[in-house]
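Biologist: Mind if I quiz you on the words you use for this model? I'd like the reasoning behind each label, not just the label.

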Amino acid sequence: MYNSLVKPLLFNLDAERAHHLVFDNLRRAALLPGTKALLRALYDFQDPSLEREVFGLKFPNPVGLAAGFDKNAALTDEMATLGFGFVEIGTVTPRPQPGNPTPRLFRLPQDEALVNRMGFNNDGAAVVAARLARRRNRQLIIGGNIGKNKDTPNERAAADYVASFEALAEVVDYFVVNVSSPNTPNLRQLQEKKPLIELLQRVQARNLARATPRPLLLKIAPDLTDLQLDDILEIARETQLNGLVATNTTISRDNLSSEPSYVASLGAGGLSGKPLRARATEVIRYIHRKSDGGLPIIGSGGIHSAADAREKLDAGASLIQLYTGFIYEGPALVSRINRSLVRGERAGCAPAGATT
């Protein structure tokens, strides 16, 4: 029904408007008696063999919702009814900000891709924390993806990350430091070795001072070279990171089927979706091999099918996340992936994904 009816209607609308329409309607529908039970019956497939323990947390299944979809933690309970094993909210900044001017989200249907330059639009850490404190589903694992405000200079960025960390520490289960978005000016400069170590040490110091530290991860770009990835692994060891999210969107526009003039007309932004699949998997495989499997990875980028999901897991990811594939394939994608993983294990295949 999604591909034949819902998707054509949504794809006739501006991409961001369609996103808000889905949000609003799902929120309203969830208020009706029986709706959540119906959604669970349709989409929430669980099986004991899907359970994963990663960086000390027990995930009911390895399929999560990537950051960027529910930036403000407005629909975490509703997302749980669609079968996600975890939801990553954000990117959240200390102060609310509107993000970049619209239009800022675009589809490339021929490539099953998106281009976005949202710019960390969010309600701010205090509002998001209060919303999470009121959520009903306390079993759902929540990740907090944190960033800096646009007008905060890089030399003061660490203070922004610490502020968001402190605001969310009681209401999320793990944290992801996002320095890899291409949509905040100069943000990617923080991926350089010296500033990144300083930033992560500041956040980790506050984290380890807590009675119950939260797992701390770093989200990296797919555009890093092998030498830069080696630096990331060294930084991860030095700052006691618990894992990586690989990968964020790419600034590359290579090997697209869409008309080049149209792609150029969209301007700057991060590309996600199918064109990112191969490179994201390469990064996962490289990190897994170079770390001897000792650093848990959340794999993200171009997952549009059960085969794509298993590719990421077989490359060394412990967990995976959906965003663009969820938009193009619809909510049944989560169940299809989980069912496929169970069938594979029952058929005698090696379990996909590492347990760390």
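Modeller: Sure, and keep in mind that this is a predicted model. Start with the largest pocket: 32 residues line it, and Tyr 2, Val 6, Leu 10, Val 22 and Pro 331 are the ones nearest its centre.

Biologist: What makes a residue one of those that line the largest pocket?

Modeller: A lining residue has an atom within 4 Å of a pocket point. For the largest pocket, 32 residues pass that test, around a space of about 840 Å³.

Biologist: Which elements supply at least two residues each to that lining?

Modeller: They are α1 (2-11), α2 (15-30), α3 (35-43), β5 (105-108), α12 (324-329) and α13 (332-346). The most comes from α2, which gives 9 residues.

Biologist: How do the lining residues of the largest pocket divide by class?

Modeller: There are 25 nonpolar, 4 polar and 3 charged residues. Tyr and Pro count as nonpolar here, just like Val and Leu, so Tyr 2, Val 6, Leu 10, Val 22 and Pro 331, the residues nearest the centre, belong to the nonpolar class.

Biologist: And what about the second largest pocket?

Modeller: That one holds about 330 Å³ of space. It is lined by 13 residues, with Lys 36, Ala 74, Asp 77, Glu 78 and Arg 136 closest to its centre. Both α2 and α4 (76-81) supply at least two residues of this lining, and the largest share, 3 residues, comes from α4.

Biologist: How does the lining of the second largest pocket divide into nonpolar, polar and charged residues?

Modeller: By class you get 4 nonpolar, 1 polar and 8 charged residues. Asp, Glu, Lys and Arg are what counts as charged, so Lys 36, Asp 77, Glu 78 and Arg 136 go in that class, while Ala 74 is nonpolar.

Biologist: You also list a cavity. Why is a space called a cavity and not a pocket?

Modeller: The test is escape: a 1.4 Å probe fits in a cavity but cannot get out, whereas a pocket is open. The structure holds 1 cavity of 30 Å³ or more, and the largest cavity has a space of about 460 Å³. Its lining has 36 residues, and those closest to the centre are Ala 67, Asn 116, Asn 248, Thr 249 and Tyr 323.

Biologist: Which elements each supply at least two residues of the cavity lining, and how does that lining divide by class?

Modeller: The elements are β4 (86-92), β6 (113-116), β11 (270-273), β13 (319-322) and α12. By class, 12 of the residues are nonpolar, 22 polar and 2 charged.

Biologist: On to the strands. What makes β7 and β8 a pair?

Modeller: Pairing needs at least two bridges. Strand β7 (residues 141-146) and strand β8 (residues 174-178) are joined by 4 bridges, so they pair, and they run parallel. One contact to look at is Ile 146, whose bridge partner in β8 is Val 177. Both strands sit in a closed barrel of 8 strands with parallel pairing, in the order β3-β4-β7-β8-β9-β10-β12-β13. On average, neighbouring strands there are turned by 25 degrees against each other, direction ignored.

Biologist: Why are β5 and β11 called edge strands?

Modeller: Because each of β5 and β11 pairs on one side only. They belong to an open sheet of 3 strands, ordered β5-β6-β11, with antiparallel pairing. Between β6 and β11 there are 4 antiparallel bridges, and Asn 116 has Gly 270 as its bridge partner in β11.

Biologist: Last topic, the helices. How do you know that α6 and α7 are roughly parallel?

Modeller: Helix α6 (residues 157-168) and helix α7 (residues 193-208) pack at about 25 degrees, with their axes 9 Å apart. Angles under 35 degrees count as roughly parallel, so α6 is roughly parallel to α7. Their crossing is right-handed.

Biologist: What about α7 with α8, and α5 with α6?

Modeller: The axes of α7 and helix α8 (residues 226-238) cross at roughly 25 degrees and come within 10 Å, so α7 and α8 are roughly parallel too. Helix α5 (residues 125-133) packs with α6 at about 20 degrees, the axes being 9 Å apart, which makes α5 and α6 roughly parallel as well. Right-handed is the word for the crossing of α7 and α8, and α5 also passes α6 in a right-handed crossing.

Notes:
Residues are numbered from 1 along each chain as its sequence is written. This is a predicted model: local features need pLDDT of at least 70, side-chain atom pairs count only at pLDDT 80 or more; totals for chains, interfaces and linings use all residues. Side-chain values use heavy atoms; hydrogens and water are left out. On a 1 Å grid over the protein atoms alone, a cavity is a set of points where a 1.4 Å probe fits but cannot get out, and a pocket is an open set with protein on both sides within 12 Å along at least five of seven lines; lining residues have an atom within 4 Å of a point. Grid points are joined across faces, edges and corners, and a volume is the space filled by probe spheres set on the points. Axes are lines fitted to C-alpha atoms, for helices over the stretch in contact, and angles run from 0 to 180 degrees between N-to-C directions. Angles under 35 degrees count as roughly parallel, over 145 as roughly antiparallel, 65 to 115 as roughly perpendicular and the rest as oblique. A crossing is left-handed if the near helix is turned anticlockwise from the far one by less than a right angle, and right-handed if clockwise.
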